[in-house]
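Biologist: Please take a close look at the pocket region of this chain. I should like one connected account of what lines it.

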Amino acid sequence: MTSSAPRRLRPWHGILVATALPLRPDLSVDFTSYAQHVRWLIDSGSDGVVPNGSLGEYQTLSDEERARVVTTAVEAAGDGERVMVGVAAYGSTESRRWAEQAADAGAGSVLLLPPNAYRADERSVRAHYAEVAKAGLPVVAYNNPYDTKVDLTPALLAQLHADGSIVAVKEFSGDVRRAYEIAELAPELDLLAGADDVLLELALAGAVGWIAGYPNALPAACAQLYHAAVEGDLTTALPLYRALHPLLRWDSKTEFIQAIKVSMDLAGRPGGPVRPPRQPLTADQEAVVRAATEKALAEGHK
């Protein structure tokens, strides 16, 4: 990392790791290991963490577990501004309740999917984000049209920003062309890379942050990649991106949680199993992830 690295001006800027949640063999949450993992990530170059995102298996947690994940992350981070809490839920009232819980815990911002129980129209999306924004924390929209079936297009994002409902967007569509249209339609809306395998392209297009998966296993290498990318240092970024891409692309696959946890286990981090209905990787899938992880570690990418 060079001295020209951009300053982190907002809590949602920089590298924020969507934290995987360590589970014991009986599938209970290992909160002690989770706290240690959050501290380790920040000590290893990450700017913050995102608990209760998809990678954290929030859909499988009880209310008590979900709330404790947040308080554990805030306490372990040592600074609530470093914590962006995932507050997705089927109903806007429930999402607002989780946003209020995040605020009470001392978090700095929240990450919010659009309504995902049905294919919501623009009026519903705008009402949803406006409701959650009432909790008082900055809201980062999460555009994942594959899983939610609701596409936060550049025009809709610009409207949500004009409404005062969002401050940034985690862009997971994979269409890097959108970065330029978002900048044209909503120049004050912050763009965050939302998929590991388009990090370089979105950083060059002006992203000011990365909500990342693979730093759970390889935080130092991912931090080096991110800072080189946002500085436009392609001499450093491009070969590192090529070396890590066989792993980074797993972040955009259905089995991303399982793959990242396998890599974490190999890197000596607390990964562990996943909760059903997710199943372990097939033998062939695990062999691919293992080979790519072992190669990255052997090359010194940690």
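Modeller: The account below treats the largest pocket and then the largest cavity. The model is predicted, so to speak of local features a pLDDT of at least 70 is needed, side-chain atom pairs count only at pLDDT 80 or more, and totals for chains, interfaces and linings use all residues. Residues are numbered from 1 along each chain as its sequence is written, and side-chain values use heavy atoms, without hydrogens and water.

The largest pocket has a volume of about 910 Å³. On a 1 Å grid over the protein atoms alone, a pocket is an open set of points with protein on both sides within 12 Å along at least five of seven lines, a cavity is a set where a 1.4 Å probe fits but cannot get out, and lining residues have an atom within 4 Å of a point. A volume is the space filled by probe spheres set on the points, which are joined across faces, edges and corners.

Of the 45 residues lining this pocket, Ser54, Tyr58, Gln59, Leu113 and Asp147 are the closest to its centre. Two or more lining residues come from each of helix 2 (63-77), helix 5 (145-148), strand 8 (209-212) and helix 11 (256-266). Helix 5 gives the largest share, 3 residues. Helices (H or I, at least four residues) and strands (E, at least two) are DSSP runs, numbered from the N terminus. By class, the pocket lining has 21 nonpolar, 13 polar and 11 charged residues; Ala, Val, Leu, Ile, Met, Phe, Trp, Tyr, Cys and Pro count as nonpolar, Asp, Glu, Lys and Arg as charged, and the others, Gly among them, as polar.

The largest cavity has a volume of about 50 Å³. Its lining includes Ser54, Tyr58 and Leu113, and by class comprises 6 nonpolar, 4 polar and no charged residues.
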